[in-house]
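Student: I'd like a close look at the charged side chains and the pairs they make, please. Once that part is clear, carry on to whatever adjoins it, and show me how you get from each value to each label.

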Amino acid sequence: MHYNSIIMKIKWTLFLGLFLGVALPVMAQDDLLNELNQDTKAKEKVAAAFKGVQVCTMQSTKMAAKGEWYFLVSHRFGDLSNGFDNFFGLDNALTKIGGLYGPTEWLTLGVARHTLGKTYELSGKYRLFSQEVDGFPFTIVGYHTIDINSQLEKEEYPELNAIDRFSFSNQLLISRKFSENFSAQMTPIYIHKNLYEPTEENANQALLALGGRYKFSKRCSFNLEYAYRFNTPDNDPYYNPLTFGVDVETGGHIFQLVVSNSQAMNDIRYFTSATGNFDKGIYFGFNLYRVF
C-alpha cells in the first residue's frame, strides 16, 4: 500500500511538471503575441489627413513619399469684384510654378517661382510625428520657407542690401484625421521680413491658422482655412486671410479650386497681406499637382 502511494505521487508529480512545462510557455507565448499585436496596431499609421500638400493655400501635413516628384502650377486671377474693368480678374492674374521632391519618407524639399515680386521660394517640410490608429493622436510636421524678392530695385530703395530681399516663415503643422470624411489642422506661424513697411506692418508677425477638410464624395472634398494675425499695427490696412475650396482627385493629378481674400500664393504675403474682405477683393484660382 505504501509502495503504491509512492508510485501515484511520482506519477502526479511527473504529470504536473509536464503540464506546467507545456502550458506555461504556451501562455507566455500568447501573452507575448498579444503584446506584439497591440504594439503593431498602435504603430499603424493613419492615412493622410489631407489629399493635397495644401489645404487651400496654406500647407497641410501631406508630404511627398520617398522618391516622388511633384510638379505644381498655381494661379490666382485678379479681383472678381471689379467685373469688366479687369475682365473678371483675367487682366492681372498671378502665377506660381514649382516642384517638390521627397528624398526620404519624412522630408520634402521644394522650390517655386512667383510672378508677384518675381519671388523665388525655397521650402523644407519634415515629419516629426505621425498619427497612429490606437496611439499618437496627431500628425506633426515642421515647415519653413525662404522668400527672395528679385524685383526690388536700387532706384526705388537706394540703401537696398542683398539681405533685404529675404523673408522667412516658420510653421508647425498639427493635424488630426477624425474620420474617413473629416480632418482638421492647427498651425502656429512666425514670419520675419527683412524689408517691410513700418507704418503698415511689423518685421515679426505671429499668426494662428486653422484648416479643415470634409470629403463629400469618393474623389472630392470641401476645404476651408483661416488665419488670425496677433500683433498688427493700429493702422493695419490688411485682413486676416480666409480661403475655401474644393479638392478633385483624378489619378495622378490633384486639382484644387479656391476662392480667397488674398491673391498672393507665397506663404509670407498670403498670411500678412490679404487685401480683400469679400465685399471687395475676391480672388478665384486653382492649384494643380502632377505626381511622378
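**Charged pairs and their surroundings**

Tutor: Let's start with K280, whose relative accessible area of 48% makes it partly exposed. Keep in mind that this is a predicted model. The partner of K280 is D79, and their closest N and O atoms are 3.9 Å apart, which gives a salt bridge. This pair joins distant parts of the chain, since K280 belongs to the loop between α2 (267–272) and β12 (283–291) while D79 belongs to strand β1, 201 residues apart. D79 has a relative accessibility of 7%, so it counts as buried, because the label applies under 20%. One bridge therefore has a partly exposed lysine and a buried aspartate.

How many salt bridges does the structure hold? There are six. Another of them brings together the side chains of E249 and K51, at 3.8 Å from N to O. E249 sits in strand β10 (residues 242–250) and K51 in the loop between α1 (2–42) and β1 (69–79), so this bridge ties together parts that lie 198 residues apart in sequence. K51 is partly exposed, at 36% relative accessible area.

E121 and K96 also form a salt bridge, with 3.8 Å between the closest N and O atoms. Here the link runs from strand β4 (residues 119–129), which holds E121, to strand β2 (residues 94–104), which holds K96, and the two are 25 residues apart. Both ends are under cover: E121 is buried at 4% relative accessible area, and K96 is buried at 6%.

The loop that holds K51 also contains A49, as it lies between α1 and β1. A49 counts as buried because its relative accessibility is 6%. Leaving aside residues up to four places away in sequence, A49 touches S175, K177, S183 and R213. The C-alpha atoms of A49 and T61 are 7.4 Å from each other, with their positions 12 residues apart along the chain.

Charged ends also meet rings in this model. R113 places its charged end over the ring of Y120, 5.6 Å from the centre. K125 lies over the face of Y143, at 5.9 Å from the ring centre.

That leads us to the rings themselves, where 12 aromatic pairs turn up in the whole structure. Y228 and F230 have ring centres 5.1 Å apart and planes at 80°, so they are edge-to-face. F244 and F278, by contrast, are stacked, with 6.5 Å from centre to centre and 20° between the planes. F244 is in strand β10 and F278 in the loop between α2 and β12, 34 residues apart, so again distant parts of the chain are linked. Both rings are partly exposed, F244 at 33% relative accessibility and F278 at 28%.

F244 has one more role to note: together with F178, F182, Y214, F216, F222 and L224, it makes up a nonpolar surface patch with about 690 Å² of accessible area. Elsewhere, F129, F136 and F138 form one aromatic cluster.

Conventions
Residues numbered from 1 in each chain as written. Predicted model: local features only at pLDDT ≥ 70, side-chain atom pairs only at ≥ 80, totals over all residues. Heavy atoms only, no water. Salt bridge = Lys/Arg side-chain N within 4 Å of Asp/Glu carboxyl O. Helix = DSSP H or I, 4+ residues; strand = E, 2+ residues; numbered from the N terminus. Buried < 20%, exposed > 50% of the residue type's maximum accessible area, 1.4 Å probe, protein only. Patch = residues over 30% accessible without salt bridge, like charges linked within 9 Å, V, L, I, M, F, W, Y side chains within 5 Å. Areas by Shrake-Rupley, 256 points an atom, 1.4 Å probe, with all protein chains shown as cover. Contact = heavy atoms within 4.5 Å. Phe/Tyr/Trp six-rings, centres within 6.5 Å; stacked < 30°, edge-to-face > 60°. Lys NZ or Arg CZ within 6 Å of the ring centre and 35° of its normal.
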